[in-house]
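User: Hi! Could you walk me through this protein fold step by step?

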Amino acid sequence: ERRALTANRVCAASRATKRSASARRGLQTNVSLSLSRTFAGKAMALAAAPSATRAAPLARATASSSRLLGRSTRRAVCRSQRGDEAAPVSRSDVLRLGLLVAGTGYVGRELLQDLGVTQGEANEKADPYEGVQGVGTKYKTAIFAGGCFWCMEPAFDDVPGVLATVSGYTGGSADFKDPSYIEVSSGVTGHAEAVQVVYDPSVCSYDDLLDAFFHNIDPTTVDRQFVDAGTQYRSAIFYGSDEERDAARTFEAKLGEAGVFGAPIVTEVTAAGPFWPAEQYHQNYYKTHAQRYGVYRSLSGRDEFIQQAWGVDYWQKHHAH
């Protein structure tokens, strides 16, 4: 009877353990789904292929660690005072394992920064107009949202007469002033990732900026630009005057009549509101983090769309460098 009672208790405990493990897996799945909805695009692209400077050392460290595990089963074992057996570990093995752990931590930190978990100076907001003087008198500004602002800065920097591009946030709720990247990425603020362009109207026109804008986005998708999904990645033109509004609507109408994209254009044309510069870490990202930017861009689908809509020759002229 005691044996039967013990067996029943063991079975009950086993079932409880399985239920607990199942509940934990369910909770983990829900958390993972929530995070994936918020950061899916950048997280997948950036985590899928680390930059060459990080991949090589990590590969070597991983290989060394694998060899370490393999050697530990082949080496002669030594007996401890308690009588159990243990494989000896050399200082070089400990160093290799430490390098592997440190490298993994570095990649994790960099990925968190790319997703907005920034610290120190990288978390400070950028200067308005990147310090360009004469805005409002000699120079003008224009605001465009075309998905990830990392990709939109080079699109406008390539235009003669553009003096500066500032990544930031606009078009959101007035309840969220000067929002952070994390807040905007969550989708709760209503802001869009946008770029404020500072340009010299004596060199380039507003139509030139509209041309660059539409050559670098997919204006046929709602609340999405390529791999990035959510209202924060919508395409929009934020006009600052009636002239800009009319120019944007006219430009859209001409593209629609020409059937360039093969689908209706849904890019918003809306009045500009407050523009909040993003954190320093995101400014000129394509220059300061060229390799990680290249990985993200190559996996985003943006270049493939540009080639399909505007031709390979256009893409090679403006983006293949």
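Here are some questions and answers about the sheet, the helices and a pocket.

User: Let's begin with the sheet. Which strands stand at its edges?

Analyst: Keep in mind that this is a predicted model. Its open sheet has six strands with mixed pairing, in the order 9-8-3-5-4-10. Each edge strand has a single partner strand, so one side of it is left without a neighbour in the sheet. The edges are strand 9 (268–271) and strand 10 (275–277).

User: Do strand 3 and strand 5 run parallel or antiparallel, and which residue of strand 5 is the bridge partner of Ala142?

Analyst: Strands of a sheet pair through backbone hydrogen bonds, and they can do so in either a parallel or an antiparallel way. Here, five bridges join strand 3 (residues 140–146) to strand 5 (residues 192–199), and the two run antiparallel. For Ala142, the bridge partner in strand 5 is Val197.

User: Nice! At about what angle to strand 3 does helix 6 run?

Analyst: Helix 6 covers residues 206–214. It lies across strand 3, strand 4, strand 5 and strand 8 (235–239). Its angle to strand 3 is about 15°.

User: How are helix 9 and helix 10 oriented to each other?

Analyst: Two packed helices are described by the angle between their axes and the distance between the axes. Helix 9 (residues 290–300) and helix 10 (residues 302–310) pack with their axes 5 Å apart, at an angle of about 55°. An angle between 35 and 65 degrees is neither roughly parallel nor roughly perpendicular. Helix 9 and helix 10 are therefore oblique.

User: What kinds of residues make the contact of helix 9 with helix 10?

Analyst: Helix 9 brings Arg297, Ser298 and Ser300, while helix 10 brings Arg302, Asp303, Glu304 and Ile306. Sorted by kind, these are one nonpolar, two polar and four charged.

User: Last one: which helix supplies the largest share of the lining of the second largest pocket?

Analyst: This pocket holds about 190 Å³ of space, and its lining includes Pro154, Asp208, Asp211, Ala212 and Tyr314. Helix 4, helix 6 and helix 11 (312–318) each supply at least two lining residues. The largest share is three residues, and it comes from helix 6.

Conventions
Residues numbered from 1 in each chain as written. Predicted model: local features only at pLDDT ≥ 70, side-chain atom pairs only at ≥ 80, totals over all residues. Heavy atoms only, no water. Axes fitted to C-alpha atoms, helices over the stretch in contact; angles between N-to-C directions. Helix = DSSP H or I, 4+ residues; strand = E, 2+ residues; numbered from the N terminus. Parallel < 35°, antiparallel > 145°, perpendicular 65-115°, else oblique. Contact = heavy atoms within 4.5 Å. Nonpolar A, V, L, I, M, F, W, Y, C, P; charged D, E, K, R; others polar. Pairing = 2+ DSSP bridges. 1 Å grid on protein atoms, 1.4 Å probe; cavity = no way out; pocket = protein on both sides within 12 Å on 5 of 7 lines; lining within 4 Å. Points joined across faces, edges and corners; volume = space filled by probe spheres on them.
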